[in-house]
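Got your viewer open and a hand free for clicking? Load the structure and we'll walk through it one selection at a time.

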Amino acid sequence: MAYSDKLIDHYENPRNIGSLDKNSEDVGTGLVGAPACGDVMKLQIKVGPDGLIEDAKFKTFGCGSAIASSSLVTEWVKGKTIDEAETIKNTDIAKHLALPPVKIHCSVLAEDAIKAAIADYRSKVGKK
Amino acid sequence: MNVHTQIRRNDQPIYLDYQATTPLDPRVLEAMMPYFTHQFGNPHSRSHSYGWEAEEGVEKARAQVAKLVGADEKEVIFTSGATESNNLAIRGVAEFYKDRKNHIVTTVTEHKCVLDTCRHLEQQGFEVTYLPVQKNGLIDLDALRAAITDKTVVVSIMAVNNEIGVIQPLAEIGKICREKKVFFHTDAAQAAGKIPLDVEAMNIDLMSISGHKIYGPKGIGALYVRRKPRVRLVPLIVGGGQERGFRSGTLPTPLCVGLGEAAEIAMNEMDEEAKRLTKLQQRMLKGLQDRLPEIFVNGDLEHRIPGNLNISFAYVEGESLMMGIKNLAVSSGSACTSASLEPSYVLRALGVDEELAHTSLRIGLGRFTTEHEVDTAVDELVRHVKKLREMSPLWEMAQEGIDIKSIEWAAH
Ligand SMILES: Cc1ncc(COP(=O)(O)O)c(C=O)c1O
Ligand code: FES
(Lines give C-alpha, C1' and ligand atoms only; values in the text may rest on other atoms or scores of the structure.)
(Ligands and ions follow the chains in the order given, each with its own letter.)
Protein backbone atom coordinates (compact mmCIF):
# COMPACT_ATOMS: atom_id res chain seq x y z
CA MET A 1 0.00 0.00 0.00
CA ALA A 2 1.34 3.43 -0.83
CA TYR A 3 1.12 5.82 2.08
CA SER A 4 1.34 9.61 2.09
CA ASP A 5 4.51 11.37 3.16
CA LYS A 6 2.71 12.87 6.15
CA LEU A 7 1.61 9.47 7.33
CA ILE A 8 5.08 8.02 6.93
CA ASP A 9 6.57 10.96 8.78
CA HIS A 10 4.24 10.41 11.75
CA TYR A 11 4.99 6.69 11.69
CA GLU A 12 8.75 7.17 11.53
CA ASN A 13 8.97 10.13 13.87
CA PRO A 14 5.97 9.73 16.11
CA ARG A 15 5.24 12.77 18.27
CA ASN A 16 4.49 12.51 21.96
CA ILE A 17 5.04 8.84 22.63
CA GLY A 18 4.86 7.95 26.26
CA SER A 19 2.69 7.93 29.31
CA LEU A 20 1.41 10.43 31.85
CA ASP A 21 0.49 9.51 35.39
CA LYS A 22 -2.95 8.01 34.98
CA ASN A 23 -3.74 8.53 38.67
CA SER A 24 -3.10 12.24 38.52
CA GLU A 25 -6.20 14.48 38.89
CA ASP A 26 -5.38 16.60 35.84
CA VAL A 27 -4.74 13.65 33.51
CA GLY A 28 -7.43 12.00 31.41
CA THR A 29 -6.73 8.56 29.92
CA GLY A 30 -8.47 6.89 27.00
CA LEU A 31 -7.82 3.25 26.20
CA VAL A 32 -9.70 1.99 23.14
CA GLY A 33 -9.61 -0.88 20.68
CA ALA A 34 -8.92 -4.52 21.44
CA PRO A 35 -5.83 -6.70 21.09
CA ALA A 36 -7.87 -9.37 19.33
CA CYS A 37 -8.80 -6.83 16.65
CA GLY A 38 -5.16 -5.89 16.21
CA ASP A 39 -5.45 -2.35 17.47
CA VAL A 40 -5.23 -0.74 20.91
CA MET A 41 -4.71 2.97 21.49
CA LYS A 42 -3.89 4.66 24.75
CA LEU A 43 -4.18 8.42 24.62
CA GLN A 44 -3.65 10.74 27.58
CA ILE A 45 -4.18 14.45 28.07
CA LYS A 46 -2.97 16.71 30.85
CA VAL A 47 -5.13 19.77 31.38
CA GLY A 48 -3.59 22.93 32.86
CA PRO A 49 -5.22 25.28 35.39
CA ASP A 50 -6.20 27.56 32.49
CA GLY A 51 -8.32 24.79 30.99
CA LEU A 52 -5.99 24.21 28.07
CA ILE A 53 -4.50 20.83 27.22
CA GLU A 54 -0.85 21.35 28.03
CA ASP A 55 0.44 17.89 27.27
CA ALA A 56 -0.70 14.79 25.40
CA LYS A 57 0.89 11.36 25.09
CA PHE A 58 0.02 8.15 23.29
CA LYS A 59 0.96 4.55 22.91
CA THR A 60 -0.52 2.49 20.10
CA PHE A 61 -0.55 -1.18 19.12
CA GLY A 62 -1.81 -1.20 15.58
CA CYS A 63 -0.95 -0.61 11.97
CA GLY A 64 1.08 2.31 10.68
CA SER A 65 -2.07 4.30 10.02
CA ALA A 66 -3.23 3.79 13.60
CA ILE A 67 0.13 4.94 14.94
CA ALA A 68 0.17 7.97 12.67
CA SER A 69 -3.45 8.87 13.54
CA SER A 70 -2.76 8.83 17.25
CA SER A 71 0.49 10.74 16.86
CA LEU A 72 -1.30 13.41 14.82
CA VAL A 73 -4.11 13.73 17.35
CA THR A 74 -1.70 14.34 20.23
CA GLU A 75 -0.25 17.20 18.20
CA TRP A 76 -3.64 18.65 17.40
CA VAL A 77 -5.06 18.63 20.92
CA LYS A 78 -2.18 20.44 22.58
CA GLY A 79 -3.06 24.03 23.41
CA LYS A 80 -6.77 23.41 22.83
CA THR A 81 -9.53 23.43 25.42
CA ILE A 82 -11.16 20.07 25.96
CA ASP A 83 -14.31 21.34 24.29
CA GLU A 84 -12.30 22.25 21.22
CA ALA A 85 -10.41 18.95 21.29
CA GLU A 86 -13.70 17.12 21.40
CA THR A 87 -14.67 18.47 18.00
CA ILE A 88 -11.81 16.69 16.22
CA LYS A 89 -13.33 14.40 13.63
CA ASN A 90 -11.92 11.20 12.26
CA THR A 91 -12.54 12.56 8.78
CA ASP A 92 -10.11 15.42 9.50
CA ILE A 93 -7.47 12.91 10.54
CA ALA A 94 -8.11 10.68 7.55
CA LYS A 95 -7.95 13.64 5.20
CA HIS A 96 -4.77 15.07 6.70
CA LEU A 97 -2.96 11.72 6.48
CA ALA A 98 -4.61 10.73 3.17
CA LEU A 99 -5.63 7.39 4.64
CA PRO A 100 -6.67 4.72 2.16
CA PRO A 101 -10.32 3.62 2.55
CA VAL A 102 -9.50 0.37 4.37
CA LYS A 103 -7.64 2.39 7.01
CA ILE A 104 -10.44 4.83 7.85
CA HIS A 105 -11.32 2.83 10.96
CA CYS A 106 -7.84 3.55 12.36
CA SER A 107 -8.71 7.25 12.38
CA VAL A 108 -12.06 6.45 13.99
CA LEU A 109 -10.14 4.78 16.75
CA ALA A 110 -8.06 7.93 17.27
CA GLU A 111 -11.22 10.01 17.54
CA ASP A 112 -12.61 7.50 20.04
CA ALA A 113 -9.38 7.65 22.01
CA ILE A 114 -9.44 11.43 22.41
CA LYS A 115 -13.13 11.32 23.37
CA ALA A 116 -12.41 8.62 25.94
CA ALA A 117 -9.53 10.61 27.42
CA ILE A 118 -11.74 13.70 27.71
CA ALA A 119 -14.53 11.69 29.31
CA ASP A 120 -12.08 10.28 31.83
CA TYR A 121 -10.78 13.76 32.65
CA ARG A 122 -14.29 15.10 33.07
CA SER A 123 -15.29 12.29 35.36
CA LYS A 124 -12.26 13.09 37.52
CA VAL A 125 -12.97 16.79 37.89
CA GLY A 126 -16.63 15.98 38.30
CA LYS A 127 -17.92 18.53 35.84
CA LYS A 128 -20.00 18.12 32.75
CA MET B 1 27.71 -11.13 -13.70
CA ASN B 2 27.40 -12.46 -10.18
CA VAL B 3 24.20 -14.37 -9.48
CA HIS B 4 23.20 -12.07 -6.67
CA THR B 5 23.27 -8.86 -8.63
CA GLN B 6 21.30 -10.67 -11.30
CA ILE B 7 18.63 -11.52 -8.76
CA ARG B 8 18.47 -8.29 -6.78
CA ARG B 9 19.50 -4.74 -7.56
CA ASN B 10 21.20 -2.98 -4.68
CA ASP B 11 18.36 -0.52 -4.24
CA GLN B 12 15.82 -3.28 -3.73
CA PRO B 13 14.86 -4.62 -0.30
CA ILE B 14 16.23 -7.95 0.86
CA TYR B 15 13.87 -10.61 -0.45
CA LEU B 16 12.61 -12.81 2.38
CA ASP B 17 9.32 -13.96 0.92
CA TYR B 18 10.28 -17.19 -0.83
CA GLN B 19 6.92 -18.82 -0.10
CA ALA B 20 5.14 -16.11 -2.09
CA THR B 21 7.32 -16.68 -5.09
CA THR B 22 10.94 -17.28 -6.00
CA PRO B 23 13.16 -15.50 -8.47
CA LEU B 24 13.91 -17.31 -11.69
CA ASP B 25 17.19 -19.17 -11.45
CA PRO B 26 19.48 -17.70 -14.15
CA ARG B 27 20.21 -21.24 -15.35
CA VAL B 28 16.49 -21.73 -15.91
CA LEU B 29 16.26 -18.53 -17.90
CA GLU B 30 19.13 -19.67 -20.05
CA ALA B 31 17.40 -22.96 -20.83
CA MET B 32 14.22 -21.11 -21.76
CA MET B 33 15.72 -18.48 -24.04
CA PRO B 34 16.01 -20.46 -27.28
CA TYR B 35 12.32 -21.35 -27.05
CA PHE B 36 11.42 -17.66 -26.98
CA THR B 37 13.43 -17.04 -30.13
CA HIS B 38 14.33 -19.40 -32.93
CA GLN B 39 12.80 -22.57 -31.41
CA PHE B 40 9.38 -21.01 -31.41
CA GLY B 41 7.51 -23.89 -33.02
CA ASN B 42 4.20 -25.27 -31.85
CA PRO B 43 5.07 -28.42 -29.91
CA HIS B 44 1.96 -30.04 -31.37
CA SER B 45 2.98 -29.44 -35.00
CA ARG B 46 3.92 -32.77 -36.50
CA SER B 47 4.89 -31.74 -40.02
CA HIS B 48 8.20 -29.90 -39.61
CA SER B 49 11.30 -29.51 -37.50
CA TYR B 50 10.04 -26.39 -35.71
CA GLY B 51 7.34 -28.49 -34.15
CA TRP B 52 9.63 -31.44 -33.49
CA GLU B 53 12.22 -29.31 -31.70
CA ALA B 54 9.62 -27.67 -29.51
CA GLU B 55 8.09 -31.05 -28.76
CA GLU B 56 11.49 -32.38 -27.79
CA GLY B 57 11.91 -29.50 -25.34
CA VAL B 58 8.50 -30.09 -23.81
CA GLU B 59 8.98 -33.84 -23.49
CA LYS B 60 12.39 -33.45 -21.89
CA ALA B 61 10.80 -31.08 -19.39
CA ARG B 62 8.01 -33.54 -18.68
CA ALA B 63 10.59 -36.21 -17.89
CA GLN B 64 12.50 -33.82 -15.63
CA VAL B 65 9.36 -33.01 -13.64
CA ALA B 66 8.38 -36.69 -13.45
CA LYS B 67 11.80 -37.62 -12.12
CA LEU B 68 11.60 -35.07 -9.32
CA VAL B 69 8.61 -36.90 -7.81
CA GLY B 70 9.39 -40.47 -8.83
CA ALA B 71 6.72 -40.59 -11.52
CA ASP B 72 6.58 -41.81 -15.10
CA GLU B 73 6.65 -39.00 -17.65
CA LYS B 74 3.34 -40.15 -19.12
CA GLU B 75 1.76 -39.28 -15.78
CA VAL B 76 2.68 -35.58 -15.85
CA ILE B 77 0.51 -32.96 -17.48
CA PHE B 78 1.31 -29.28 -17.76
CA THR B 79 -1.05 -26.64 -16.38
CA SER B 80 -0.87 -22.91 -15.73
CA GLY B 81 0.15 -23.41 -12.10
CA ALA B 82 -0.77 -25.05 -8.84
CA THR B 83 -4.10 -23.23 -8.69
CA GLU B 84 -5.21 -24.87 -11.91
CA SER B 85 -3.69 -28.21 -10.92
CA ASN B 86 -5.61 -28.17 -7.63
CA ASN B 87 -8.84 -27.22 -9.38
CA LEU B 88 -8.38 -29.89 -12.01
CA ALA B 89 -7.43 -32.61 -9.56
CA ILE B 90 -10.24 -32.07 -7.08
CA ARG B 91 -13.03 -30.99 -9.40
CA GLY B 92 -11.94 -33.41 -12.09
CA VAL B 93 -12.04 -36.44 -9.82
CA ALA B 94 -15.20 -35.37 -8.01
CA GLU B 95 -17.05 -34.87 -11.28
CA PHE B 96 -15.90 -38.10 -12.83
CA TYR B 97 -16.89 -40.33 -9.93
CA LYS B 98 -19.95 -38.40 -8.82
CA ASP B 99 -22.41 -41.17 -9.60
CA ARG B 100 -20.85 -43.40 -6.96
CA LYS B 101 -19.20 -41.02 -4.51
CA ASN B 102 -19.84 -37.56 -3.19
CA HIS B 103 -17.48 -36.89 -0.30
CA ILE B 104 -14.13 -35.10 -0.10
CA VAL B 105 -11.75 -34.84 2.83
CA THR B 106 -9.36 -31.91 3.15
CA THR B 107 -7.92 -29.71 5.91
CA VAL B 108 -8.66 -26.25 7.25
CA THR B 109 -5.15 -24.98 6.50
CA GLU B 110 -5.13 -25.66 2.76
CA HIS B 111 -4.34 -22.92 0.29
CA LYS B 112 -7.36 -20.83 -0.70
CA CYS B 113 -7.48 -22.42 -4.12
CA VAL B 114 -8.16 -25.83 -2.58
CA LEU B 115 -10.64 -24.45 -0.06
CA ASP B 116 -12.51 -22.48 -2.70
CA THR B 117 -12.60 -25.48 -5.00
CA CYS B 118 -14.15 -27.49 -2.17
CA ARG B 119 -16.66 -24.74 -1.42
CA HIS B 120 -17.61 -24.71 -5.07
CA LEU B 121 -18.18 -28.47 -4.96
CA GLU B 122 -20.27 -28.13 -1.82
CA GLN B 123 -22.56 -25.83 -3.77
CA GLN B 124 -22.86 -28.58 -6.38
CA GLY B 125 -24.04 -30.98 -3.71
CA PHE B 126 -20.80 -32.64 -2.64
CA GLU B 127 -19.96 -33.08 1.02
CA VAL B 128 -16.64 -31.89 2.33
CA THR B 129 -14.95 -32.66 5.64
CA TYR B 130 -12.42 -30.01 6.69
CA LEU B 131 -10.06 -31.72 9.11
CA PRO B 132 -8.73 -29.53 11.90
CA VAL B 133 -5.01 -29.41 12.59
CA GLN B 134 -3.18 -29.79 15.86
CA LYS B 135 -1.33 -26.98 17.60
CA ASN B 136 1.79 -27.78 15.58
CA GLY B 137 -0.12 -27.51 12.28
CA LEU B 138 -0.12 -31.24 11.50
CA ILE B 139 -3.22 -33.34 11.01
CA ASP B 140 -4.20 -36.14 13.35
CA LEU B 141 -4.02 -39.40 11.39
CA ASP B 142 -6.75 -41.02 13.46
CA ALA B 143 -9.05 -38.12 12.64
CA LEU B 144 -8.27 -38.67 8.96
CA ARG B 145 -9.01 -42.39 9.26
CA ALA B 146 -12.30 -41.61 10.97
CA ALA B 147 -13.30 -39.04 8.36
CA ILE B 148 -13.06 -41.36 5.36
CA THR B 149 -16.34 -43.09 4.48
CA ASP B 150 -17.36 -45.36 1.64
CA LYS B 151 -18.63 -42.24 -0.11
CA THR B 152 -15.24 -40.55 -0.03
CA VAL B 153 -13.71 -40.10 -3.45
CA VAL B 154 -10.56 -38.12 -2.67
CA VAL B 155 -8.47 -36.92 0.24
CA SER B 156 -6.70 -33.64 -0.54
CA ILE B 157 -4.00 -32.68 1.94
CA MET B 158 -1.20 -30.25 1.21
CA ALA B 159 2.38 -31.46 1.49
CA VAL B 160 3.85 -28.25 2.91
CA ASN B 161 1.89 -25.30 4.21
CA ASN B 162 2.59 -21.97 2.55
CA GLU B 163 2.34 -19.88 5.72
CA ILE B 164 4.02 -22.01 8.36
CA GLY B 165 6.09 -24.42 6.27
CA VAL B 166 5.03 -27.54 8.16
CA ILE B 167 5.27 -30.89 6.38
CA GLN B 168 2.30 -33.23 6.66
CA PRO B 169 3.00 -36.96 7.13
CA LEU B 170 2.51 -37.81 3.45
CA ALA B 171 3.57 -41.45 3.54
CA GLU B 172 1.22 -42.21 6.43
CA ILE B 173 -1.65 -40.35 4.75
CA GLY B 174 -0.98 -42.20 1.49
CA LYS B 175 -1.02 -45.53 3.30
CA ILE B 176 -4.37 -44.81 4.89
CA CYS B 177 -5.86 -43.67 1.58
CA ARG B 178 -4.64 -46.75 -0.22
CA GLU B 179 -6.03 -49.04 2.49
CA LYS B 180 -9.38 -47.30 2.30
CA LYS B 181 -9.27 -47.21 -1.51
CA VAL B 182 -9.70 -43.46 -1.89
CA PHE B 183 -7.56 -41.23 -4.06
CA PHE B 184 -4.89 -39.12 -2.41
CA HIS B 185 -4.24 -35.68 -3.87
CA THR B 186 -1.53 -33.46 -2.45
CA ASP B 187 -0.87 -29.81 -3.17
CA ALA B 188 2.91 -29.90 -3.34
CA ALA B 189 3.40 -26.31 -4.53
CA GLN B 190 5.60 -25.57 -1.52
CA ALA B 191 7.09 -29.05 -1.23
CA ALA B 192 8.31 -30.08 -4.66
CA GLY B 193 12.01 -29.51 -5.00
CA LYS B 194 12.30 -28.71 -1.30
CA ILE B 195 11.75 -32.13 0.29
CA PRO B 196 12.06 -35.59 -1.23
CA LEU B 197 8.76 -36.70 -2.78
CA ASP B 198 8.02 -40.11 -4.21
CA VAL B 199 4.57 -40.82 -5.58
CA GLU B 200 5.15 -44.58 -5.29
CA ALA B 201 6.51 -44.76 -1.77
CA MET B 202 3.95 -42.22 -0.57
CA ASN B 203 0.97 -43.68 -2.48
CA ILE B 204 0.14 -40.33 -4.01
CA ASP B 205 -2.42 -40.43 -6.84
CA LEU B 206 -2.51 -36.75 -7.78
CA MET B 207 0.05 -34.05 -7.08
CA SER B 208 0.06 -30.34 -7.88
CA ILE B 209 3.29 -28.51 -8.66
CA SER B 210 3.97 -24.83 -9.34
CA GLY B 211 6.84 -23.42 -11.40
CA HIS B 212 7.35 -20.13 -9.64
CA LYS B 213 7.85 -21.67 -6.21
CA ILE B 214 10.87 -23.63 -7.39
CA TYR B 215 12.88 -20.92 -9.17
CA GLY B 216 11.03 -21.56 -12.40
CA PRO B 217 8.74 -19.22 -14.35
CA LYS B 218 5.29 -18.03 -13.32
CA GLY B 219 2.27 -19.22 -15.25
CA ILE B 220 3.28 -22.86 -15.44
CA GLY B 221 2.67 -25.84 -13.21
CA ALA B 222 2.07 -29.53 -13.44
CA LEU B 223 -0.34 -32.16 -12.25
CA TYR B 224 0.79 -35.69 -11.65
CA VAL B 225 -2.04 -38.10 -12.48
CA ARG B 226 -1.45 -41.76 -11.59
CA ARG B 227 -1.92 -44.33 -14.39
CA LYS B 228 -1.80 -47.53 -12.35
CA PRO B 229 -4.31 -47.79 -10.80
CA ARG B 230 -5.74 -45.26 -13.15
CA VAL B 231 -7.18 -41.96 -11.95
CA ARG B 232 -9.82 -40.48 -14.23
CA LEU B 233 -10.63 -36.79 -14.44
CA VAL B 234 -13.16 -34.61 -16.16
CA PRO B 235 -11.11 -31.81 -17.77
CA LEU B 236 -11.69 -28.15 -16.93
CA ILE B 237 -10.48 -26.95 -20.31
CA VAL B 238 -11.56 -28.74 -23.46
CA GLY B 239 -10.47 -28.22 -27.04
CA GLY B 240 -7.64 -29.74 -29.03
CA GLY B 241 -7.24 -32.68 -26.68
CA GLN B 242 -3.64 -31.96 -25.71
CA GLU B 243 -2.19 -33.41 -22.51
CA ARG B 244 -4.05 -36.69 -22.93
CA GLY B 245 -7.29 -34.75 -23.09
CA PHE B 246 -6.91 -33.52 -19.52
CA ARG B 247 -5.91 -30.03 -20.53
CA SER B 248 -6.40 -28.66 -24.01
CA GLY B 249 -4.47 -25.74 -25.39
CA THR B 250 -1.08 -25.19 -27.02
CA LEU B 251 1.66 -25.74 -24.47
CA PRO B 252 3.82 -22.71 -23.63
CA THR B 253 7.09 -24.31 -24.66
CA PRO B 254 9.50 -21.89 -22.92
CA LEU B 255 7.57 -22.15 -19.67
CA CYS B 256 7.46 -25.95 -19.81
CA VAL B 257 11.18 -26.04 -20.48
CA GLY B 258 11.74 -23.65 -17.56
CA LEU B 259 9.70 -25.79 -15.19
CA GLY B 260 11.62 -28.87 -16.28
CA GLU B 261 15.00 -27.23 -15.81
CA ALA B 262 13.95 -25.85 -12.43
CA ALA B 263 12.84 -29.33 -11.36
CA GLU B 264 16.14 -30.88 -12.39
CA ILE B 265 18.21 -28.25 -10.60
CA ALA B 266 16.07 -28.58 -7.49
CA MET B 267 16.50 -32.34 -7.50
CA ASN B 268 20.27 -32.18 -7.93
CA GLU B 269 20.78 -29.51 -5.31
CA MET B 270 18.08 -30.43 -2.81
CA ASP B 271 20.31 -31.95 -0.15
CA GLU B 272 22.93 -29.20 -0.27
CA GLU B 273 20.33 -26.48 -0.35
CA ALA B 274 18.40 -27.94 2.57
CA LYS B 275 21.58 -28.05 4.65
CA ARG B 276 22.46 -24.47 3.81
CA LEU B 277 18.95 -23.21 4.49
CA THR B 278 18.75 -25.08 7.78
CA LYS B 279 21.85 -23.21 8.92
CA LEU B 280 20.38 -19.89 7.84
CA GLN B 281 17.04 -20.66 9.48
CA GLN B 282 18.76 -21.50 12.76
CA ARG B 283 20.97 -18.42 12.53
CA MET B 284 17.94 -16.21 12.01
CA LEU B 285 15.96 -17.76 14.83
CA LYS B 286 18.83 -17.74 17.30
CA GLY B 287 19.73 -14.17 16.38
CA LEU B 288 16.19 -13.06 17.14
CA GLN B 289 15.69 -15.18 20.26
CA ASP B 290 18.97 -14.03 21.78
CA ARG B 291 17.95 -10.41 21.52
CA LEU B 292 14.17 -10.36 21.82
CA PRO B 293 12.03 -11.83 24.61
CA GLU B 294 8.50 -13.05 23.93
CA ILE B 295 8.71 -14.17 20.36
CA PHE B 296 6.99 -17.38 19.32
CA VAL B 297 7.45 -19.67 16.34
CA ASN B 298 4.14 -20.73 14.80
CA GLY B 299 3.95 -24.31 13.58
CA ASP B 300 6.16 -27.30 14.19
CA LEU B 301 9.89 -26.58 13.95
CA GLU B 302 10.95 -30.20 13.34
CA HIS B 303 8.49 -31.12 10.61
CA ARG B 304 9.13 -27.99 8.62
CA ILE B 305 10.95 -26.93 5.47
CA PRO B 306 14.13 -25.05 6.34
CA GLY B 307 13.20 -22.09 4.16
CA ASN B 308 10.36 -20.93 6.39
CA LEU B 309 9.97 -19.18 9.70
CA ASN B 310 6.69 -17.82 10.98
CA ILE B 311 7.14 -15.81 14.12
CA SER B 312 4.83 -13.84 16.39
CA PHE B 313 6.51 -10.78 17.89
CA ALA B 314 4.17 -10.30 20.83
CA TYR B 315 2.82 -6.78 21.45
CA VAL B 316 3.86 -5.49 18.01
CA GLU B 317 1.28 -5.37 15.23
CA GLY B 318 2.53 -6.99 12.03
CA GLU B 319 1.73 -4.30 9.51
CA SER B 320 3.40 -1.60 11.56
CA LEU B 321 6.44 -3.83 11.86
CA MET B 322 6.55 -4.37 8.12
CA MET B 323 6.34 -0.62 7.58
CA GLY B 324 9.40 -0.24 9.77
CA ILE B 325 11.53 -2.91 8.18
CA LYS B 326 11.36 -1.27 4.78
CA ASN B 327 14.58 -2.91 3.74
CA LEU B 328 13.07 -6.38 4.14
CA ALA B 329 10.42 -7.94 1.91
CA VAL B 330 8.39 -10.29 4.12
CA SER B 331 4.70 -10.98 4.64
CA SER B 332 2.44 -10.91 7.66
CA GLY B 333 -0.50 -12.84 9.05
CA SER B 334 -1.84 -9.63 10.50
CA ALA B 335 -5.36 -8.52 9.69
CA CYS B 336 -4.25 -4.98 8.99
CA THR B 337 -2.37 -6.14 5.90
CA SER B 338 -5.20 -8.16 4.46
CA ALA B 339 -8.10 -6.81 2.47
CA SER B 340 -10.53 -8.77 4.65
CA LEU B 341 -9.11 -7.34 7.90
CA GLU B 342 -9.12 -10.88 9.30
CA PRO B 343 -5.96 -12.36 10.75
CA SER B 344 -4.49 -15.45 9.10
CA TYR B 345 -6.92 -18.39 9.07
CA VAL B 346 -3.97 -20.76 9.18
CA LEU B 347 -2.66 -19.33 12.46
CA ARG B 348 -6.19 -19.28 13.88
CA ALA B 349 -6.54 -22.95 12.94
CA LEU B 350 -3.45 -23.75 15.03
CA GLY B 351 -5.16 -22.12 17.97
CA VAL B 352 -2.81 -19.13 17.98
CA ASP B 353 -4.49 -16.35 19.98
CA GLU B 354 -5.95 -13.67 17.79
CA GLU B 355 -3.78 -11.01 19.37
CA LEU B 356 -0.68 -13.07 18.60
CA ALA B 357 -1.84 -13.76 15.06
CA HIS B 358 -1.81 -10.00 14.48
CA THR B 359 1.86 -9.89 15.42
CA SER B 360 3.11 -12.57 13.05
CA LEU B 361 5.57 -12.33 10.21
CA ARG B 362 6.34 -14.97 7.62
CA ILE B 363 10.01 -15.00 6.75
CA GLY B 364 10.96 -17.05 3.71
CA LEU B 365 14.57 -18.00 2.99
CA GLY B 366 15.73 -19.45 -0.27
CA ARG B 367 18.38 -20.25 -2.82
CA PHE B 368 19.77 -16.74 -3.05
CA THR B 369 19.57 -15.77 0.62
CA THR B 370 22.97 -15.04 2.14
CA GLU B 371 24.28 -15.09 5.69
CA HIS B 372 24.83 -11.38 5.44
CA GLU B 373 21.19 -10.83 4.47
CA VAL B 374 20.06 -12.90 7.44
CA ASP B 375 22.22 -10.86 9.81
CA THR B 376 20.97 -7.59 8.37
CA ALA B 377 17.40 -8.83 8.70
CA VAL B 378 17.92 -9.81 12.33
CA ASP B 379 19.35 -6.37 13.13
CA GLU B 380 16.47 -4.57 11.45
CA LEU B 381 13.85 -6.74 13.09
CA VAL B 382 15.34 -6.36 16.55
CA ARG B 383 15.63 -2.61 16.17
CA HIS B 384 12.06 -2.12 15.02
CA VAL B 385 10.44 -4.60 17.38
CA LYS B 386 12.12 -2.79 20.27
CA LYS B 387 11.06 0.59 18.98
CA LEU B 388 7.47 -0.50 18.45
CA ARG B 389 7.29 -2.22 21.81
CA GLU B 390 8.26 1.09 23.41
CA MET B 391 5.22 2.51 21.63
CA SER B 392 2.91 -0.37 22.51
CA PRO B 393 0.39 0.06 25.32
CA LEU B 394 0.19 -3.73 25.55
CA TRP B 395 3.91 -4.08 26.09
CA GLU B 396 3.70 -1.41 28.77
CA MET B 397 0.91 -3.30 30.54
CA ALA B 398 2.82 -6.56 30.28
CA GLN B 399 5.86 -4.88 31.87
CA GLU B 400 3.64 -3.61 34.68
CA GLY B 401 2.45 -7.16 35.23
CA ILE B 402 -1.07 -6.53 33.95
CA ASP B 403 -2.60 -9.54 32.21
CA ILE B 404 -4.12 -8.11 29.05
CA LYS B 405 -6.60 -10.96 28.99
CA SER B 406 -8.02 -9.71 32.31
CA ILE B 407 -9.11 -6.43 30.73
CA GLU B 408 -12.56 -6.12 29.25
CA TRP B 409 -11.86 -4.82 25.78
CA ALA B 410 -14.64 -3.39 23.72
CA ALA B 411 -14.33 -5.54 20.61
CA HIS B 412 -15.35 -3.65 17.53
C1 LIG C 1 0.34 -24.26 -1.14
C2 LIG C 1 0.03 -23.52 -2.40
N3 LIG C 1 -0.85 -24.01 -3.27
C4 LIG C 1 -1.14 -23.38 -4.41
C5 LIG C 1 -0.56 -22.19 -4.75
C6 LIG C 1 -0.93 -21.52 -6.04
O7 LIG C 1 0.07 -21.73 -6.97
P8 LIG C 1 0.10 -20.96 -8.38
O9 LIG C 1 0.53 -19.58 -8.06
O10 LIG C 1 1.11 -21.72 -9.17
O11 LIG C 1 -1.25 -21.04 -8.97
C12 LIG C 1 0.36 -21.64 -3.87
C13 LIG C 1 1.01 -20.34 -4.16
O14 LIG C 1 0.49 -19.27 -3.88
C15 LIG C 1 0.67 -22.32 -2.67
O16 LIG C 1 1.54 -21.81 -1.81
S1 FES D 1 -5.02 -0.97 13.22
FE2 FES D 1 -5.59 -2.60 11.89
S3 FES D 1 -5.84 -1.59 10.02
FE4 FES D 1 -5.16 -0.02 11.31
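The tour starts where the chains meet, then moves to single helices, loops and charged pairs.

First, some ground rules. This is a predicted model, in which local features need pLDDT of at least 70 and side-chain atom pairs count only at pLDDT 80 or more, while totals for chains, interfaces and linings use all residues. Residues are numbered from 1 along each chain as its sequence is written, chains are lettered from A and ligands numbered from 1 in the order in which they are written, and side-chain values use heavy atoms, with hydrogens and water left out.

**Stop 1: the interface**

Colour chain A and chain B separately and select the residues in contact (heavy atoms within 4.5 Å). You should pick up 30 residues from chain A and 29 residues from chain B. About 2500 Å² is buried between the chains, with carbon and sulfur atoms giving 64% of that; buried area here is the accessible area (1.4 Å probe) that two parts lose on being put together, summed over both.

Now show side chains. Four salt bridges run between chain B and chain A, a salt bridge being a side-chain nitrogen of Lys or Arg within 4 Å of a carboxyl oxygen of Asp or Glu. Zoom in on one of them: Lys42(A) with Glu396(B), at 2.6 Å from N to O. On chain B, helices H9 (318-324), H11 (354-357), H12 (371-390) and H13 (393-399) each supply at least two residues of the side touching chain A. Helices are DSSP runs (H or I, at least four residues) and strands likewise (E, at least two), numbered from the N terminus.

**Stop 2: two covered helices**

Select residues 64-77 of chain A, which is helix H2. Twelve of its 14 residues are buried, where buried means under 20% relative accessible area, exposed over 50% and partly exposed in between (1.4 Å probe, protein chains only). Among the buried ones are Ile67(A), Leu72(A) and Val77(A). After H2(A) comes Gly79(A), with a positive phi near 85°.

Jump to H4 of chain B, residues 82-96. Eleven of its 15 residues are buried, including Glu84(B) and Leu88(B).

**Stop 3: Arg247(B)**

What does the side chain of Arg247(B) make a polar contact with? Glu84(B), through its own side chain, at 2.6 Å. A polar contact is a pair of N or O atoms within 3.5 Å; within protein, one must be able to donate a hydrogen and the other to accept it, and residues adjacent in sequence count only if both atoms are side-chain atoms. Arg247(B) sits in the loop between strand E8 (221-225) and helix H8 (253-291), and is buried at 14% relative accessible area. Its other neighbours include Phe78(B) and Ile237(B).

**Stop 4: more charged pairs**

Searching the whole structure gives 38 salt bridges over all chains. Try Arg122(A) and Glu86(A), 3.1 Å from N to O. The two are 36 residues apart: Arg122(A) is in helix H5 (residues 104-125), Glu86(A) in the loop between helix H3 (82-85) and helix H4 (90-97) of chain A. Arg122(A) is buried at 17%, whereas Glu86(A) is partly exposed at 28%.

Back in chain B, select Glu371(B) and Arg283(B), whose closest N and O atoms are 3.7 Å apart. This pair ties helix H12 to helix H8, 88 residues apart. Finish with Asp25(B), Arg27(B), Glu269(B), Glu273(B) and Arg367(B), joined into one network by salt bridges that share partners.

Technical notes
Expected span 1.5 Å × (residues − 1). Lists of a residue's contacts leave out its neighbours within four places in sequence.
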